[in-house]
Amino acid sequence: MMKPTVINTQSLRPSLLPGCFPLHNNALFYGLSPVTTPKIVRILSLNTIRATHNSNQGNADASNHKNVLISANVSNLTKALLNFTMTNFLPIALICGVVLGIANPTLGCLAHKYSLTKFSTSGIFFISGLKLQGGELQAVAAAWPAVIFGLASILLLSPFFSTLIFQAQLAPQEFVTGLALFSCMPTTLSSGVALTQLVSGNSALALAMTVMSNLLGILTVPFWISKFFADGFGVPIPTRELFWSLILTLLIPLVLGKVVRNMLKGLATYIDQNPRMFSMISTILLSLTPWMQVSKSRPLLLMVKPQVFIQAMGMGILVHLTLLGFNTVAIKSISSGFCGGESIFAKKENFRALLIVCSQKALLIIVAVVEQLNGALGESGLLVLPCVAAHINQVIIDSLLVNFWLQKDHSYDKNLEA
């Protein structure tokens, strides 16, 4: 009988996973079977995949977070630029008109050839008539002394500053003549009222003086031009033609706009609810004029030395600061003679409205006047350009003044709360 073969199982142990487990780690080896080895591999692979997935997801989250931050920064920058543009739309539009006229005058010359200036000016006053609510005169009935002073300062006193401006010596002479003409104009149509509203001034008083001075300016502007400019230049000033041109270009569109407003109540409500949009349309129409004037006079403008234009800008700033100082002294002096602190001139809202409106001059009116003079006092573009700069500068200066008043009011309110 054959003996059964005895298999030494001890000799098989090292052959199961040779090289995978060290010999001194037999306890680990003995507790495992060949079937459990793929499980370990699968577990290790799964953990590796999960770690890689988590790493990729972390990178994706960081990238998404970075993109969100970039998008937020772009959005904030866009909003800031949009707010800046909307707040400073008037000077930006005027500057763009001047730059466009110098860069490419062809289209501007074509627009001037077909008298687009007259249509744009009439359009502005038509929009002003649409915005005119009609209750302004009743609202300022109690402040009639302030109205009289304002009209006297705007239409009768400030034109005499033109004699001082004529003492300056600049080449071309049109820069000086343009600023002298500018001092004879009525007050601005929109910026004075807007700044008065911003500083919580008497906006009804500001609006009433604006409307009345521009209507009466149709009479006074031809008179002052004939008085101060005709003798000095030795040229005939078409006073009668200028008067009727201002009637047709300014007064009739204003009245027509008011009539349309009264007839169409729905339109009136829409205009009152969207004042900024119509103000922007008026500003765009206003910017068309310096664009056309500068386009037509581009060859002469390129001959002007930059330092001469800077001097003209400085003169415009000096004129506006002089008007601010003159009106401040005049209002304070009259206030002390009218019941002191109880005078209507002493009220903060009236003082601010008077000072802003009486110290500003209308660019639109001088543009219409220069257009009608047909070169009698010099090249149109050279006459208008320093006035555009003066208009922008007066808005900037008065904006700084309004900001100073607002900070002063804020400090006063904080002291009261304390």
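Colleague: At what angle do helix α10 and α11 pack in this predicted model, and how far apart are their axes?
Modeller: Helix α10 covers residues 191-198, and α11 covers residues 203-228. Their axes lie 9 Å apart, and the packing angle is about 175°. Because angles over 145 degrees count as roughly antiparallel, α10 is, relative to α11, roughly antiparallel.

Colleague: Which residues meet in that contact, and how many of them are charged?
Modeller: From α10, Val193, Thr196 and Gln197 take part, facing Ser203, Ala206, Leu207 and Thr210 of α11. By class, the contact has 3 nonpolar and 4 polar residues, and the number of charged residues is none.

Colleague: Is asparagine 214 buried or exposed?
Modeller: Asparagine 214 is placed in helix α11. Beyond its neighbours within four places in sequence, its contacts include Phe125, Pro186 and Ile365. Its relative accessibility is 6%, and buried means under 20%, so asparagine 214 counts as buried.

Colleague: Which residues are joined into one network by salt bridges that share partners?
Modeller: The whole structure holds 3 salt bridges. Aspartate 409 pairs with lysine 348 at 3.6 Å, N to O, and with arginine 352 at 2.9 Å between the closest N and O atoms. Aspartate 409 lies in helix α20 and arginine 352 in helix α18, so this pair ties together parts 57 residues apart in sequence. The network consists of Lys348, Arg352 and Asp409.

Colleague: What is the closest N and O distance between arginine 261 and aspartate 272?
Modeller: Arginine 261, in helix α13, and aspartate 272, in helix α14, are 11 residues apart. Arginine 261 is buried at 8% relative accessibility, whereas aspartate 272 is partly exposed at 37%. The two form a salt bridge whose closest N and O atoms are separated by 2.8 Å.

How values were computed: Residues are numbered from 1 along each chain as its sequence is written. This is a predicted model: local features need pLDDT of at least 70, side-chain atom pairs count only at pLDDT 80 or more; totals for chains, interfaces and linings use all residues. Side-chain values use heavy atoms; hydrogens and water are left out. Helices (H or I, at least four residues) and strands (E, at least two) are DSSP runs, numbered from the N terminus. Buried means under 20% relative accessible area, exposed over 50%, partly exposed in between (1.4 Å probe, protein chains only). Contact means heavy atoms within 4.5 Å. Axes are lines fitted to C-alpha atoms, for helices over the stretch in contact, and angles run from 0 to 180 degrees between N-to-C directions. Angles under 35 degrees count as roughly parallel, over 145 as roughly antiparallel, 65 to 115 as roughly perpendicular and the rest as oblique. Ala, Val, Leu, Ile, Met, Phe, Trp, Tyr, Cys and Pro count as nonpolar, Asp, Glu, Lys and Arg as charged, and the others, Gly among them, as polar. A salt bridge is a side-chain nitrogen of Lys or Arg within 4 Å of a carboxyl oxygen of Asp or Glu.
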